[in-house]
Amino acid sequence: MSWPKFWDQNNWKTKALWPLSKLVCWEASRRLAAFTLTPPEKKTQAVMLVVGNLVVGGSGKTPFIVWLVKQLQTKGLKVGIISRGYGGQSKQWPQLVTKQSDASLVGDEPVLLAKQLGVPVAVSPIRVDAVALLEKHHHCDVIISDDGLQHYALARDIEIVLVDSQRLWGNGLCMPAGPLREPKSRLDQVDFIVYNGQIDLSSEPVKWQNKSHQMTLEPVCFRQVANPEITLDKDAFSGKHVSAMAGIGNPSRFFDTLKTLDVSTDGRAFKDHHAYTESDLTVFSKEIPLVMTEKDAVKCKPFSYEQGKVKQPKNWWYLEVEPKASSVLFDYLYSMIQEKLKR
């Protein structure tokens, strides 16, 4: 979800919505207190790890999960992923997701994770059902919930909050006056805070600094939407003008990344999880390369074919990025996981 401009401000709109904002904060605190007092029964032997956020919209959860799963695999751990399947229009839940799944039915991020990682992925608006389906077909040492910090029907062992280092907490108010799903004090209970992008951690409260870490997204190359095996160097469009689009939580982050590669573009932002139609893409010139995020490419790939033939084999590209986080963060996480596996 994209943020309205006033979520970064304190003006008449925020003041008008303040009573509703206080009500949302109060309800969120009530639900957390009930969860803490009477947590749900954990119905899996796997370590349940929730990767969520405190604000509305994207913050880098998907690339962080990619990084984390790859690190856990180097230790020989079997990992599964569950998700709500946000944006998916399927009438049947829960269901398993593969890299061939239709993103319009099960959501773009689950398909992206299945495609990149090759691990079992299950989706359902009721996450405990996704866990049950996952375990019916696969043995997992660790199950990662993509989002779900506020989904208190799901028992969990470890909580990680992702934060967009550009937008942070906006104006610091709960919805609808601001972007927060619950008060910032929720960070007192989580195990790790991971900032997506560079930030001076000393500017954050001292009580959070010991559990705060950073993640960066490093451009790797451009891949063709129709055939990802065809690649271009990350500097292929340096000094050139391209069309660009992004349907993610913070589209400006993608456009800023292109600027660091010396790519000139008039970026077009779509809402997060936008359900693309072919008409969305006809506005872009066929003579100019169109670049997008991998999350967008998952949904746009079907439009690059017509009766089995590639329509845009040369002009549509997505930027592959590699998430990187510190070994210190992983060491802490792995130690915590190992401790819980022994119980």
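Student: What makes D108, E109, L112, G247, I248, D272 and H273 contacts of K295 in this predicted model?

Tutor: Contact means heavy atoms within 4.5 Å, and K295 touches each of these residues, leaving aside those up to four places away in sequence. So they count as contacts of K295 by that cut-off.

Student: Where does K295 sit, and why is this lysine called buried?

Tutor: K295 belongs to helix 9, which covers residues 294-300. Its relative accessibility is 9%, and the cut-off for buried is under 20%. K295 therefore counts as buried.

Student: How far is K295 from S2?

Tutor: Their C-alpha atoms are separated by 15 Å, although the two residues are 293 apart along the chain.

Student: Good, let's turn to the strands. What makes strand 10 and strand 11 a pair?

Tutor: Pairing takes at least two bridges. Strand 11 (residues 264-269) is joined to strand 10 by six bridges, so the two count as paired, and they run parallel. Among the partners, S243 is matched with D266 and M245 with R268. Between these strands the chain passes through helix 7 (residues 251-260), making a right-handed β-α-β crossover.

Student: Why does strand 12 also count as a partner of strand 10?

Tutor: Two bridges link strand 10 to strand 12 (residues 290-293), so the requirement of at least two is met. These strands run parallel as well. In strand 12, V291 stands opposite A244.

Student: How do you know that strand 10 is mostly covered?

Tutor: Strand 10 spans residues 241-246, and five of its six residues are buried.

Student: Which residues of helix 7 are buried, and what follows just after the helix?

Tutor: The buried ones are P251, R253, F254, F255, T257 and L258. Just after helix 7 comes D262, with a positive phi of about 60 degrees.

Student: Last one: what makes L20, L23 and W26 a nonpolar surface patch?

Tutor: To belong to a patch, a residue needs over 30% relative accessible area, and nonpolar side chains are joined within 5 Å. L20, L23 and W26 meet those conditions, so together they form a patch of about 350 Å². One of them, L23, lies in helix 1, residues 12-37.

Definitions and conventions
Residues numbered from 1 in each chain as written. Predicted model: local features only at pLDDT ≥ 70, side-chain atom pairs only at ≥ 80, totals over all residues. Heavy atoms only, no water. Patch = residues over 30% accessible without salt bridge, like charges linked within 9 Å, V, L, I, M, F, W, Y side chains within 5 Å. Areas by Shrake-Rupley, 256 points an atom, 1.4 Å probe, with all protein chains shown as cover. Salt bridge = Lys/Arg side-chain N within 4 Å of Asp/Glu carboxyl O. Helix = DSSP H or I, 4+ residues; strand = E, 2+ residues; numbered from the N terminus. Buried < 20%, exposed > 50% of the residue type's maximum accessible area, 1.4 Å probe, protein only. Right-handed = clockwise from strand over helix to strand, strands pointing away.
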